[in-house]
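Biologist: I would like a close look at one part of this model, and then at the parts that can be described in the same way. Please keep to what the coordinates and the record give.

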Amino acid sequence: MLLILAGLRPALLKHKLVNVLVEACLCSAAKDDDHTTTNPGKLPQLSKKKWRKKFRNKHASNEHLPWEERLADSVTPLWRLSYYDQLQLKQKYQERILLQLSDQLLCGESTQHKALTQCPSPPRSTKLSFPLLPILPSPVRDGYRNKSTFSVNRGVDGNPKTVGLYVGTGKAGNIVCVNGDHLLNMPERHKLVARCYQDFLRLSALEPCLLFHDGGHWREVTVRTNAAGHTMAIVYFHPQRLTPEEIEVHKSSLVEYFTQGPGAICQLDSLYFQESSMTRCSHEESPYQLLHGQPHIHEEVLGFKFRISADAFFQVNQGAADSLYRTVREMGLPNGAREGGGGGTLLDVCCGTGAIGITMSPRADRVIGIELIQQAVEDARHNAALNQIQNCEFLPGKAEVVLPGLMEVLGSTTDSGGPLTAVVNPARAGLHYRVIRALRNHSSIRRLLYISCKPEGEAMRNFRELCCSPDPHRKLTGEAFRPTVAVPVDMFPHTPHCELLLVFER
């Protein structure tokens, strides 16, 4: 997604940017000159297919810019704006999304056959039916990312052993890998590891793996850091037809480079290696091999410590995660629930390493977390023990499989006799229909908090399914929820994205 701001006169920037941002966020399209000169409050009615066609025709519009600016416009589209203006734009965008939700709930529109991938029409309502609180700013604006992944491909000079981020697309055949040293959202330590990895690749006799079927071995590198400055690097490698003994030689050279060679400047606390012939695979599919250092790094949120494994999910901005989890804790439990329990049972769906449940555990009688990734569940259990928390349990498996049975076990009331509150924090794909059905149909859940990084996408379907009238044909028989308050949290400065916390009650 490219947001091309260079060349716009300062006097016109603020007027045009609202429309550019909304178009880019809703449709993943570049700025279209024909539309930025029109009313910023009105979006053209184009399907996603037509937007992609327009994008292909317009993608060359920034070719006059230096490669560094083209990458910055792709990765951090709002980098030219003041932080105040970034927050104002995000606030307006979240309001627009929620106005559309209000419209659909007011009109009772069916969502069963509604296409979610089209650009939504402008909202008819001008006022929300529930409060949208001011966006919570990120405490850190530059270098805030604690996890970055750098790709390997041909650079500006054509060298295939270039480590950076992509400008262009594989489908268009115009990918160029550009060094990310100038990006505002990445910390210096991440950039240093990327530079050293590039140096290592150019010293290695092995070729990089650009396309799996073309051969080559060295792939991307992921860098994870914490607030204390500890660093973990994960190198991905395609074995192709190398023998285990041959792979061991190259693993040894990687360790030597980062511990005794030029890469020692990175001061890695952990160096992992994963062999994989797939684009992405889990620890269970292909184990992460610890080549050097400690198996984990640790992070602290709201006074609680958390273990971070190589593939564990953790919010990418630790300071903003503090703000998000503090808000979830304040809004998630009944009035008057404070330290020492009394908040009933908390269901933490898609719990990851247990951050939400653990930070809320002092106010709850019982916390039950559900998570797909087995390693994350192990981390969550370790984190509960690390913080001496006794009232948390974490269950592995798909939420759509585990939750319906769990709800039957819980019955109509919780063991403590207190209220039942749910917090869900799914990926961009939203919650499976069976999860929504189980939550909706359990009458003891009176409050549900939904955290979404893309509320205009599949999450919007979840919102409507939670709030629509009972529908026996779709087995949504429980009392409808209603949205009561929304809070945006800026987890990603310099980008159009933020997290949205939406509280539902009934």
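Is histidine 494 buried or exposed?

Modeller: The model is predicted, and what follows should be read with that in mind. Histidine 494 is buried, as its relative accessible area is 6%, and the cut-off for that class is under 20%. This histidine sits in the loop that runs between β15 (482–489) and β16 (499–505). Its backbone has a positive phi of about 75°, although histidine 494 is not a glycine.

Glutamine 267 can be described in the same terms. Glutamine 267 too is not a glycine and has a positive phi, here of about 50°. The loop that holds glutamine 267 lies between α7 and β6. With a relative accessibility of 55%, glutamine 267 counts as exposed, because that class begins over 50%.

Two loop residues fall in the class between these. Cysteine 453 is partly exposed, at a relative accessible area of 21%. It is located in the loop between β14 (445–452) and α13. The UniProt record, in an unreviewed entry, places the feature "active site" at Cys453; that annotation may be inferred rather than shown by experiment. Apart from its neighbours within four places in sequence, cysteine 453 has contacts with Arg428, Cys498 and Glu499.

Serine 282 is also partly exposed, with a relative accessible area of 24%. The loop between β6 (270–275) and β7 (289–293) is where serine 282 is found. When neighbours within four places in sequence are left aside, serine 282 is in contact with Gln274 and Tyr288. Along the chain, serine 282 and isoleucine 373 are 91 residues apart, while their C-alpha atoms are separated by 8.2 Å.

The helices come next. In helix α4 (residues 67–75), the buried residues are Arg70, Leu71, Ala72, Asp73 and Ser74. These buried residues of α4 pack against two strands, β2 (162–167) and β3 (176–178).

Two packed helices are described by the angle between their axes and the distance between the axes. The loop of cysteine 453 leads to α13, and helix α13 (residues 458–467) packs with helix α5 (residues 83–107): the axes come within 11 Å and cross at roughly 35°. This crossing of α5 and α13 is right-handed. On the α5 side the residues are Ile97, Leu101, Gln104 and Leu105, and they meet Met460, Phe463, Arg464 and Cys467 of α13. By class, that contact has 6 nonpolar, 1 polar and 1 charged residues.

The loop of glutamine 267 follows α7, and helix α7 (residues 244–259) packs with helix α6 (residues 188–203) at an angle of about 135°, with the axes 11 Å apart. The angle makes α6 oblique to α7, since only angles over 145 degrees count as roughly antiparallel. The crossing of α6 and α7 is right-handed. From α6 the contact draws on Cys196, Tyr197, Asp199, Phe200 and Leu203, and from α7 on Ser253, Leu254, Tyr257 and Phe258. These residues divide into 7 nonpolar, 1 polar and 1 charged.

Note on methods:
Residues numbered from 1 in each chain as written. Predicted model: local features only at pLDDT ≥ 70, side-chain atom pairs only at ≥ 80, totals over all residues. Heavy atoms only, no water. Axes fitted to C-alpha atoms, helices over the stretch in contact; angles between N-to-C directions. Helix = DSSP H or I, 4+ residues; strand = E, 2+ residues; numbered from the N terminus. Parallel < 35°, antiparallel > 145°, perpendicular 65-115°, else oblique. Left-handed = near helix turned anticlockwise from the far one by under 90°. Contact = heavy atoms within 4.5 Å. Nonpolar A, V, L, I, M, F, W, Y, C, P; charged D, E, K, R; others polar. Buried < 20%, exposed > 50% of the residue type's maximum accessible area, 1.4 Å probe, protein only.
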